[in-house]
Every structure is written in structure tokens, then in C-alpha cells.
Amino acid sequence: MKIYIATLVKQKPEIVINQFNKELFMALAPPGIKVELTRFDGCIKNDEVHLVLDFIFFKQKWNSLIIDNGKDEKGIFFVDQGIKLPFFLKRWKHVHRVDFSQDGSKIVDDITFSTGLILTDLLMYPILYLQFLYRKPIFRKKFDV
């Protein structure tokens, strides 16, 4: 399944991408789930990000590897891929783009995921979509100054 959410902000792409750090990462954590960041190397190829998600009754590890990063004619990007995922996910790839825009930047979350079954993909889609939609006002607050 795919999720695509774009947010327009007023800062230039170079400024925005350089703010993708531990603090922003934790600010973007979805409500209702306690997230412990146990490793954050950065957003460059071969960096890793490790999380522990606390769902009150159980915890799940989520480790991602940055498999690509760079700059192209559209903007600046990095790509994380899940290497150890919570039991309910089988595949995860998240392209983070900060594209050039007339008045600043367009922050793009382009996600491909699978639970392994189309039925559970369909059940997870609205949950994941809302968690990434939650980021829009956070991005605007941080980058519309």
C-alpha cells in the first residue's frame, strides 16, 4: 500500500532538510504511542534509526536503515527502509523528500508498506495515514517562521 502526504512550508529545502534531526523526529512521533529513540545516526546512506514502540501492553522494536540520500532536480531526499519491524508490518519504505517550491519547500512523506495480507493492509492504511497527517501542523509550525 502507498501513503503520500505533502506539506508546503516557507523555508528553503536546504534549511528544512538540515532540521531532520533527533528533536524533529521525536516531535513527529504519533500521539498515543510512547516512542523511545535508542539510536539515531542521521539521514545519510547507511545511517540507522532504532526505536522501541510502547503500546502499553507490549513493546515492539523498529529499526530502519537509510538506503539512499541525495539531491536531484526536484529537491533533496533520503530513504529509510525497515530492517526490523513490529510484528504487524512485513515491509516498510519511506521516501522523505523536501522539494523546491515557489514560496519555500514541499515536504513529502511517500511511504510504501505491507502487512503481508491485503485485508490487514486495508485496516492499517487509515491508522498510518492519520499518523502521517498528524505531521502537517508540526512541519508548518517549525518551518513557517
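A residue is called buried when its relative accessible area is under 20%, exposed when that area is over 50%, and partly exposed in between. These classes recur throughout the description that follows, which concerns a predicted model.

Under this definition K10 is exposed, because its relative accessibility is 56%. K10 is found in the loop between β1 and α1, the latter spanning residues 13–17. Apart from its neighbours within four places in sequence, K10 is in contact with D103, G104, F143 and D144. By contrast with these contacts, the separation between K10 and F77 is 18 Å from C-alpha to C-alpha, with their positions 67 residues apart in sequence.

The overall architecture gives the setting for this loop. The protein has four helices and seven strands, and from the N terminus on these elements follow the order β-α-α-β-β-β-β-β-β-α-α. The radius of gyration is 15 Å, close to the 15 Å that the globule rule gives for 145 residues, so the protein is as compact as a globular protein of that length. Along the principal axes, the C-alpha atoms fill a box of roughly 45 × 30 × 25 Å. Of the 145 residues, 47% are buried.

Contacts and surface can be described in the same general terms. Where contacts join residues at least 6 apart in sequence, 49% of them join residues at least 24 apart. The accessible surface comes to about 8300 Å², and carbon and sulfur atoms account for 59% of this area. The protein carries 22 positive and 17 negative charges, and the mean positions of the two sets are 3 Å apart.

Attention now turns to strand β1, which comprises residues 2–9. Its covered face is formed by I3, I5, T7 and V9, whereas K2, Y4, A6 and L8 make up the uncovered one. Strand β1 runs antiparallel to β7, and eight bridges join the two. One of the residues on the uncovered face, K2, has T112 as its bridge partner in β7.

T7, from the covered face of β1, illustrates the environment on that side. T7 counts as buried because its relative accessibility is 2%, and the limit for that class is 20%. When neighbours within four places in sequence are left aside, the contacts of T7 are S105, K106, I107, K136, F139 and R140.

The partner strand β7 covers residues 104–114, and S114 lies in it. S114 has a relative accessible area of 12% and is therefore buried. Beyond residues up to four places away in sequence, S114 touches L89, K90, R91 and D121.

What lies on the other side of β7 in sequence, in the loop between β6 and β7? D103 is found there, with β6 spanning residues 91–101. D103 counts as exposed, because its relative accessibility is 63%. Leaving aside neighbours within four places in sequence, D103 is in contact with V9 and K10. D103 and L8 are 95 residues apart in sequence, yet their C-alpha atoms are 8.6 Å apart in space.

Strand β6 itself contains F100. With a relative accessible area of 40%, F100 is partly exposed. The C-alpha atoms of F100 and L8 are 9.8 Å apart, while 92 residues separate the two in sequence. Outside its neighbours within four places in sequence, F100 is in contact with P13, E14, K71, D72, E73, K74 and G75.

Two further loops deserve notice for their backbone geometry. N46 lies in the loop between β2 (34–40) and β3 (48–54), and its phi is near 80°, a positive value in a residue other than glycine. N46 is exposed, because its relative accessible area is 54%. I56 has its place in the loop between β3 and β4, the latter being residues 59–71. The phi of I56 is near 70°, which is likewise a positive value in a residue other than glycine. I56 is exposed, with a relative accessible area of 71%.

Methods: Residues are numbered from 1 along each chain as its sequence is written. This is a predicted model: local features need pLDDT of at least 70, side-chain atom pairs count only at pLDDT 80 or more; totals for chains, interfaces and linings use all residues. Side-chain values use heavy atoms; hydrogens and water are left out. The radius of gyration is taken over C-alpha atoms; the globule rule is 2.2 Å times the number of residues to the power 0.38. Buried means under 20% relative accessible area, exposed over 50%, partly exposed in between (1.4 Å probe, protein chains only). Contact means heavy atoms within 4.5 Å. Accessible areas come from the Shrake-Rupley method with a 1.4 Å probe; for residues, only the protein chains shown count as cover. Lys and Arg count as positive and Asp and Glu as negative; His and the chain ends are not counted. The place of a charge is taken as NZ of Lys, CZ of Arg, CG of Asp or CD of Glu. Two strands pair if DSSP finds at least two bridges between them.
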